[in-house]
Amino acid sequence: MDDDQGSGWLAFAAIILMTAGIMRFFDSIWAFRTNLQIEDDGGPLGDELGAYGVLWLLAAVVLFVAGLLVLQRNQFARWIGMAAGAFGAITAAFWLPYSPVWALVYILLGVLVIYGLAAHGGPLEFPTTGGSSNTDNTP
């Protein structure tokens, strides 16, 4: 097996996390600059988009930093990346009533990031050489 097994999935996860962070940053800028209010019940965070801007800015920082940490390929970064993928997918659910297609794309990408890090983000396993696995002390 290749020493870098799963490195493609890790690169995918890191790129998606960083890209999602950048996209959430632009979402937060839009939310801060617009003068619109949310109609109907006001949504889960009220009717002012500034509250959503704070949430999206926090999500942007978490997602981008997690992407950078995944490139370091350590277990701490892996768990942060999976949490950030879940966080990105959950925060995207708030946009379902307003932008369903993009919200579903965000959710799908979050799920793929979680899969990539869970299935391929473990420590590298190198084949062992030499030695016998006979441990029952029989000749």
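Here are three short exercises, with worked solutions, on the empty spaces and one buried residue of this predicted model.

**Exercise 1. Describe the second largest pocket: what is its volume, and which residues and elements line it?**

Step 1. Start with the volume, which is about 150 Å³.

Step 2. Now look at the lining, to which 14 residues belong. Nearest the centre of the pocket lie Ile-16, Ala-20, Tyr-106, Leu-109 and Gly-110.

Step 3. Next, find the elements that give two or more residues to this lining: helix H1 (7–33), helix H3 (75–93) and helix H4 (100–120).

Step 4. Finally, sort the lining by character. Ten residues are nonpolar, four are polar and none is charged.

**Exercise 2. Search the whole structure for cavities of 30 Å³ or more: how many are there, and what lines the largest cavity?**

Step 1. Rolling a probe the size of a water molecule over the atoms shows where empty space is left.

Step 2. The search of the whole structure gives one cavity of 30 Å³ or more. The volume of the largest cavity is about 40 Å³.

Step 3. Its lining is made up of Leu-10, Val-70, Arg-73, Asn-74, Ala-77, Arg-78, Leu-117 and Gly-121.

Step 4. Sorted by character, the lining of the largest cavity has four nonpolar, two polar and two charged residues.

**Exercise 3. Decide about Ser-28: is this residue buried or exposed?**

Step 1. Locate Ser-28 first; helix H1 contains this residue.

Step 2. The relative accessible area of Ser-28 is 1%. Buried means under 20%, so Ser-28 is buried.

Step 3. Look for its contacts, leaving out residues up to four places away in sequence: Ser-28 touches Gly-53, Trp-56 and Leu-57.

Terms used
Residues are numbered from 1 along each chain as its sequence is written. This is a predicted model: local features need pLDDT of at least 70, side-chain atom pairs count only at pLDDT 80 or more; totals for chains, interfaces and linings use all residues. Side-chain values use heavy atoms; hydrogens and water are left out. On a 1 Å grid over the protein atoms alone, a cavity is a set of points where a 1.4 Å probe fits but cannot get out, and a pocket is an open set with protein on both sides within 12 Å along at least five of seven lines; lining residues have an atom within 4 Å of a point. Grid points are joined across faces, edges and corners, and a volume is the space filled by probe spheres set on the points. Helices (H or I, at least four residues) and strands (E, at least two) are DSSP runs, numbered from the N terminus. Ala, Val, Leu, Ile, Met, Phe, Trp, Tyr, Cys and Pro count as nonpolar, Asp, Glu, Lys and Arg as charged, and the others, Gly among them, as polar. Buried means under 20% relative accessible area, exposed over 50%, partly exposed in between (1.4 Å probe, protein chains only). Contact means heavy atoms within 4.5 Å.
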